[in-house]
Amino acid sequence: MTRRAIRASVLLPCAAVLLLGTSAIQASTVKSEKFAIPFAFEVQNHKTLPAGEYQVEQAAGSELAVLENVQTGERVQFIRSSSTHEQGKTRLVFENTAAGHELKAIS
């Protein structure tokens, strides 16, 4: 009985560390390099963001990417399929419209 209690008291903390470590790795956020965008642009057909420095954040295993203005902290979410981009390489896809520039996708 004593051996079983000692074994359980040793193994339980080890298991907890493994589980917590795994969830921390999965929940880590990957930030891209910074982008200097020299013009104001529209996102999602309703919001205009100013020219400035931006970065893209995406949690590992998630298809939700966040475009963040580095100076103001303003954030916009995009769906970014893991199958449409290379790891470590981020592309912002703009379209020129009659109203100006529109961010169409992050790949």
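R75 is partly exposed, at 43% relative accessible area. In this predicted model, R75 sits in a network of salt bridges with E57 and E68. The surrounding chain holds one helix and eight strands. Its order along the sequence is α-β-β-β-β-β-β-β-β.

**Salt bridges**

- The salt-bridge count is four.
- R75 bridges to E57, with the closest N and O atoms 3.3 Å apart. This pair links distant parts of the chain: R75 belongs to strand β6 and E57 to strand β4 (residues 52-59), 18 residues apart.
- R75 also bridges to E68, where the closest N and O atoms are 3.6 Å apart.
- E57 has a relative accessible area of 10%, so it counts as buried. E68 has 16% and is buried too, because the cut-off is under 20%.
- K47 forms a salt bridge with E74, at 3.0 Å between the closest N and O atoms. Here, too, distant parts of the chain are linked: K47 lies in strand β3, E74 in the loop between β5 (64-69) and β6, and 27 residues separate them.
- K47 is partly exposed, with 28% relative accessible area. E74 is partly exposed as well, with 29%.
- In general, side chains of opposite charge can pair when their charged atoms come close.

**The four-stranded sheet**

- An open sheet of four strands runs in the order β3-β2-β8-β7, with mixed pairing.
- Its edge strands are β3 (47-49) and β7 (92-97), each paired on one side only.
- On average, neighbouring strands of this sheet are turned by 40° against each other, direction ignored.
- β7 and β8 (residues 100-106) run antiparallel and are joined by six bridges.
- F94 stands opposite L103 of β8.

**F78 and its contacts**

- F78 is part of strand β6 (residues 75-79).
- Its relative accessibility is 8%, so F78 counts as buried.
- Leaving out residues up to four places away in sequence, F78 touches V43, Q44, E63, L64, A65, L103, K104 and I106.
- F78 and Q58 are 20 residues apart in sequence, and their C-alpha atoms are 9.8 Å apart in space.

**Whole-chain figures**

- The protein chain has 107 residues, of which 25% are buried.
- About 7,400 Å² of the chain is exposed, and carbon and sulfur atoms supply 59% of that area.
- Of the contacts between residues at least 6 apart in sequence, 37% join residues at least 24 apart.

Key: Residues numbered from 1 in each chain as written. Predicted model: local features only at pLDDT ≥ 70, side-chain atom pairs only at ≥ 80, totals over all residues. Heavy atoms only, no water. Helix = DSSP H or I, 4+ residues; strand = E, 2+ residues; numbered from the N terminus. Buried < 20%, exposed > 50% of the residue type's maximum accessible area, 1.4 Å probe, protein only. Contact = heavy atoms within 4.5 Å. Areas by Shrake-Rupley, 256 points an atom, 1.4 Å probe, with all protein chains shown as cover. Pairing = 2+ DSSP bridges. Axes fitted to C-alpha atoms, helices over the stretch in contact; angles between N-to-C directions. Salt bridge = Lys/Arg side-chain N within 4 Å of Asp/Glu carboxyl O.
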